[in-house]
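Here are some short exercises to work through with the structure open beside you. Try each one before reading the solution under it.

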Amino acid sequence: SDFAGDTTNRKSISGYLIYVNQNLIAWSSKQQPIVTTSSTEAEYVSLSDMIKEILFIKGILEFMKFKIQLPIKVHVDNKGAIFISQNPTVKRTKHIDTRYHFIHQYIKDGVIEIEFIQTEKNKSDIMTKNFAKDKHESKCEDVVQKVNQEQG
């Protein structure tokens, strides 16, 4: 996510890319419904939205009798958001609505595993940040290659 990028309402932008077997199958870039007070909170809200989508896709794949290998690995480039997701008793986040804290149960149950990824390697930044042309092209290179391979 970005943090308070909209200067009129200070809401952040969430963005994610979801892959199944290295194939991009879902993506999103949208404004968050709440104002967060830190980049960690913005990332945590974004993580929650992404996990909801992952669980929806998981349900569809299971319905179609695909075997899902658990835990599903989720890459996050914010160590604070990872800490909050793995520690349900963090007191400083009491003001974050419970609709975002559902993440804790899926981690505890072994369905989701949160992994740190360096910001430079985070492909989903293209969904939330404005980059100069060169950096934008390098960030989306993998995504474009996959789409071209599938169409070609």
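**Exercise 1. Find the loop that holds Pro71, then check the peptide bond before Pro71 and the backbone of Lys65.**

Solution. Pro71 sits in the loop between H1 and E3. Keep in mind that you're looking at a predicted model. Step back one residue to Leu70: the bond that joins Leu70 to Pro71 is a cis peptide, with omega at about 0°. Now go to Lys65, which also lies in the loop between H1 and E3. Its phi is positive, near 70°, and Lys65 isn't a glycine. Last, look at the surface: Lys65 has a relative accessible area of 74%, over the 50% cut-off, so Lys65 counts as exposed.

**Exercise 2. Where does Gln22 lie, and what is its phi?**

Solution. Start with the place: Gln22 is in the loop between E1 and E2, with E2 covering 23-31. Then read off the backbone angle: phi of Gln22 is positive at about 65°, although this residue is no glycine. For the side of things that faces solvent, the relative accessible area of Gln22 is 58%, so Gln22 is exposed.

**Exercise 3. Write out the order of helices and strands from the N terminus.**

Solution. Count first: the chain has five helices and four strands. Then walk along from the N terminus, and you get β-β-α-β-α-α-α-β-α. Now for the chain as a whole: 39% of its 152 residues count as buried. As for contacts, take those between residues at least 6 apart in sequence; 64% of them join residues at least 24 apart.

**Exercise 4. Which elements supply at least two residues each to the lining of the largest pocket, and which one gives the most?**

Solution. Begin with the space itself: the largest pocket holds about 1200 Å³. Its lining takes in 37 residues, and those nearest the centre are Ile18, Tyr19, Val20, Ile72 and Lys73. Next, sort by element. Strand E1 (13-20), helix H1 (39-63), strand E3 (72-76) and helix H5 (133-151) each supply at least two residues. Of the elements, H1 gives the most, with eight residues. Finish with chemistry: the lining of the largest pocket divides into 18 nonpolar, nine polar and 10 charged residues.

**Exercise 5. Is Ile82 buried or exposed, and which residues away from it in sequence does it contact?**

Solution. Ile82 belongs to helix H2, residues 79-86. The relative accessibility of Ile82 is 10%, under the 20% cut-off, so Ile82 is buried. Skip the neighbours within four places in sequence, and Ile82 is in contact with Val76, Ile114, Glu115 and Phe116. For a longer step along the chain, try Leu47: Ile82 and Leu47 are 35 residues apart in sequence, with their C-alpha atoms 9.1 Å apart. While you have Phe116 on screen, look at its ring: Lys79 lies over the face, at 4.9 Å from the ring centre.

**Exercise 6. Repeat the analysis for Gln86, and decide how its accessibility should be classed.**

Solution. Gln86 is in helix H2 too. Its relative accessibility is 40%, which falls between the cut-offs of 20% and 50%, so Gln86 counts as partly exposed. With neighbours within four places set aside, the contacts of Gln86 are Ile107 and Ile114. Check the distance to Ile114: C-alpha to C-alpha, Gln86 and Ile114 are 8.2 Å apart, and 28 residues separate them in sequence.

**Exercise 7. Work out how the rings of Phe102 and Tyr106 are arranged.**

Solution. The aromatic pair count comes to one. That pair is Phe102 with Tyr106: the ring centres are 5.9 Å apart and the planes meet at 80°. An angle over 60 degrees counts as edge-to-face, so the pair of Phe102 and Tyr106 gets that label. Tyr106 has 31% relative accessibility, so Tyr106 is partly exposed.

Now place Phe102: it is in the loop between helix H3 (98-101) and helix H4 (103-108). Leaving out residues up to four places away in sequence, Phe102 touches Ser48, Ile51, Lys52 and Leu55. Take Lys52 from that list: Phe102 and Lys52 are 50 residues apart along the chain, and their C-alpha atoms are separated by 9.4 Å.

How values were computed: Residues are numbered from 1 along each chain as its sequence is written. This is a predicted model: local features need pLDDT of at least 70, side-chain atom pairs count only at pLDDT 80 or more; totals for chains, interfaces and linings use all residues. Side-chain values use heavy atoms; hydrogens and water are left out. On a 1 Å grid over the protein atoms alone, a cavity is a set of points where a 1.4 Å probe fits but cannot get out, and a pocket is an open set with protein on both sides within 12 Å along at least five of seven lines; lining residues have an atom within 4 Å of a point. Grid points are joined across faces, edges and corners, and a volume is the space filled by probe spheres set on the points. Ala, Val, Leu, Ile, Met, Phe, Trp, Tyr, Cys and Pro count as nonpolar, Asp, Glu, Lys and Arg as charged, and the others, Gly among them, as polar. Rings of Phe, Tyr and Trp (its six-membered ring) pair if their centres lie within 6.5 Å; planes under 30 degrees apart count as stacked, over 60 as edge-to-face and the rest as tilted. Buried means under 20% relative accessible area, exposed over 50%, partly exposed in between (1.4 Å probe, protein chains only). A charge sits over a ring if NZ of Lys or CZ of Arg is within 6 Å of the ring centre and within 35 degrees of the ring normal. Contact means heavy atoms within 4.5 Å.
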